[in-house]
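Work through the exercises below with the model open in a viewer. Try each task before reading its solution.

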Amino acid sequence: MSRTELEEFVTSLGEPKYRAQQVFKAIHQRRLRSFDEITDLPKKFREKLVAAADISRLTVESKYVSTDGTRRYLMKTDDGKPVEAVFIPTEGRDTICFSSQSGCPLKCDFCLTAKLGLLKNLSVGEIVEQIIVVLNDVYGAGAETPHGTNLVGMGAGEPFLNFDNLIAALRLMADEDGLFVVPNRVTISTAGIVPKIYEYANLHDRAHLAISLSAPTDELRNKLMPINKRWDLDELMKAAREFEKSLRRGERFTFEYVMLGRVNDSDKNANDLADLLGRYKLRRVKVNLIPHNGAEQLDYNASTPEQVQRFKKILESRGVSAYVRTPRGRDIYAACGQLAAKAEVAGAGA
Ligand code: SAH
């Protein structure tokens, strides 16, 4: 519930409006997950809350810890659908990767989440609660969110196909009486839901954007990411150009490019990509090259590290900033494209 919804709710229970603020802080700032723990509320009111509402709807099924420190949380909604979030520690700054959907309706050929199909759109509460679960586990319940913790909407699902809930969740999380994760510390990744890129660009409080590209031509992208048949590269690049106009001072946006051995990683592919960005005059962009994370059910191989470096060098020689993303949590099925609600992981259960 937004603050306004919460105010309406507490007044409907016959309580004064100011109680909404107490409840809001208890949920989002103190990250309490049961009404009984909100001991500064009168017992009567707590009883009413318990009878009328749920403060938490996710249960943690299991947690997996990678040799590199990454943690994957496999949770379930109250209607039994899997939800996954990943905690990625890095020096000086931690990142939490959250999901927007259970499963995913897009059929990107190189992604394991796709094999689940769409199970459901996550509610606003389910999106926020994932992050609360992770924060409580990592930093302890009630401890302040460390300044500098970043959020990425790059878990399971397509965020822009659950747009309204996503935006409502981000607004709740940005609240300074709540988690206080401001838009500048959040990046949302889309496979290219073109109308929503325009809509997102127009939000005054939007977070950063990443667009998953993974191919420089329609022919190849149609095969790898069938969403390209709905909105092709021309439409996507025009939207990207429009988004570029919304960038703030110093801000850039990202194209993600999954590196698939002998599929999209040739020197020609790199040059085609630089040409594409050039044709649409996209300048304030960077390309994140993501080594492919394999799985038995996926037909692709990762590019060799040498070819990834070559690809990067070609882009740079053409004036395009390019970075190679370090895979994290591969051993526990926590890396990009690996969130498929896997409950058995060799040797790493916790
Ligand atoms: N649906 C959104 C959010 C998922 S983000 C999107 O597509 O952007 C997940 C990122 O991981 C995307 O950039 C996607 O292209 C990438 N990815 C998917 N499968 C992968 C795999 N097996 N290995 C590496 N990256 C993968």
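**Exercise 1. Contacts of a core residue**

Leaving aside neighbours within four places in sequence, which residues is Val287 in contact with?

Solution. The model is predicted.
- Step 1: skip the neighbours of Val287 within four places in sequence.
- Step 2: list the partners on the lower-numbered side, which are Phe255, Tyr257, Leu273 and Leu277.
- Step 3: add Leu315, Val320, Ser321, Ala322 and Tyr323 to complete the contacts of Val287.

**Exercise 2. The nonpolar cores**

Find which residues have the most contacts inside the largest nonpolar core, and which helix gives the most to this core.

Solution.
- Step 1: the largest nonpolar core has 99 residues.
- Step 2: Tyr200, Phe255 and Val287 have the most contacts inside this core.
- Step 3: helix 4, residues 124–139, gives the most to the core, with 8 residues.
- Step 4: a second core, separate from this one, has 11 residues, including Tyr64, Val86, Cys97 and Val345.

**Exercise 3. Overall dimensions**

Decide whether the radius of gyration agrees with that of a compact globule, then describe the fold in numbers.

Solution.
- Step 1: the protein has 350 residues, so a compact globule would have a radius of gyration near 20 Å.
- Step 2: the protein has 21 Å, which agrees.
- Step 3: along its principal axes the C-alpha trace spans about 70 × 45 × 35 Å.
- Step 4: the protein has 11 helices and 12 strands.
- Step 5: of the 350 residues, 53% count as buried.
- Step 6: take the contacts between residues at least 6 apart in sequence; 66% of these join residues at least 24 apart.

**Exercise 4. The second largest pocket**

Characterise the second largest pocket by volume, lining and class.

Solution.
- Step 1: its volume is about 540 Å³.
- Step 2: 25 residues line the second largest pocket, and Met1, Ile27, Asp54, Ile55 and Gly125 lie nearest its centre.
- Step 3: helix 1 (3–12), helix 2 (19–28) and helix 4 each supply at least two lining residues.
- Step 4: helix 4 gives the most to this lining, with 6 residues.
- Step 5: by class, the lining splits into 15 nonpolar, 4 polar and 6 charged residues.
- Step 6: put two results together: helix 4 gives the most to the largest core, and helix 4 also gives the most to the lining of this pocket.

**Exercise 5. The cavity**

How many cavities of 30 Å³ or more does the structure hold? Describe the largest.

Solution.
- Step 1: the structure holds 1 cavity of 30 Å³ or more.
- Step 2: the largest cavity has a volume of about 50 Å³.
- Step 3: its lining is Pro82, Val83, Glu84, Ser99, Gln101, Ser102, Gly103, Leu116, Ala156 and Ala341.
- Step 4: strand 3 (82–90) and strand 5 (101–103) are the elements that give two or more residues to this lining.
- Step 5: the classes are 5 nonpolar, 4 polar and 1 charged.

**Exercise 6. Positive phi**

Place Arg262 and Tyr333, and classify each by accessibility.

Solution.
- Step 1: Arg262 is not a glycine, yet its phi is positive, about 60 degrees.
- Step 2: Arg262 sits in the loop between strand 10 (253–259) and helix 10 (267–279).
- Step 3: the relative accessibility of Arg262 is 77%, so it counts as exposed; the cut-off for exposed is over 50%.
- Step 4: Tyr333, not a glycine either, has a positive phi of about 55 degrees.
- Step 5: Tyr333 lies in the segment after strand 12 (321–324).
- Step 6: Tyr333 has a relative accessible area of 21%, so it is partly exposed; buried would need under 20%.

Conventions
Residues are numbered from 1 along each chain as its sequence is written. This is a predicted model: local features need pLDDT of at least 70, side-chain atom pairs count only at pLDDT 80 or more; totals for chains, interfaces and linings use all residues. Side-chain values use heavy atoms; hydrogens and water are left out. A nonpolar core is a set of buried Ala, Val, Leu, Ile, Met, Phe, Trp, Tyr and Cys residues joined through side-chain atoms within 4.5 Å. Buried means under 20% relative accessible area, exposed over 50%, partly exposed in between (1.4 Å probe, protein chains only). Helices (H or I, at least four residues) and strands (E, at least two) are DSSP runs, numbered from the N terminus. Contact means heavy atoms within 4.5 Å. On a 1 Å grid over the protein atoms alone, a cavity is a set of points where a 1.4 Å probe fits but cannot get out, and a pocket is an open set with protein on both sides within 12 Å along at least five of seven lines; lining residues have an atom within 4 Å of a point. Grid points are joined across faces, edges and corners, and a volume is the space filled by probe spheres set on the points. Ala, Val, Leu, Ile, Met, Phe, Trp, Tyr, Cys and Pro count as nonpolar, Asp, Glu, Lys and Arg as charged, and the others, Gly among them, as polar. The radius of gyration is taken over C-alpha atoms; the globule rule is 2.2 Å times the number of residues to the power 0.38.
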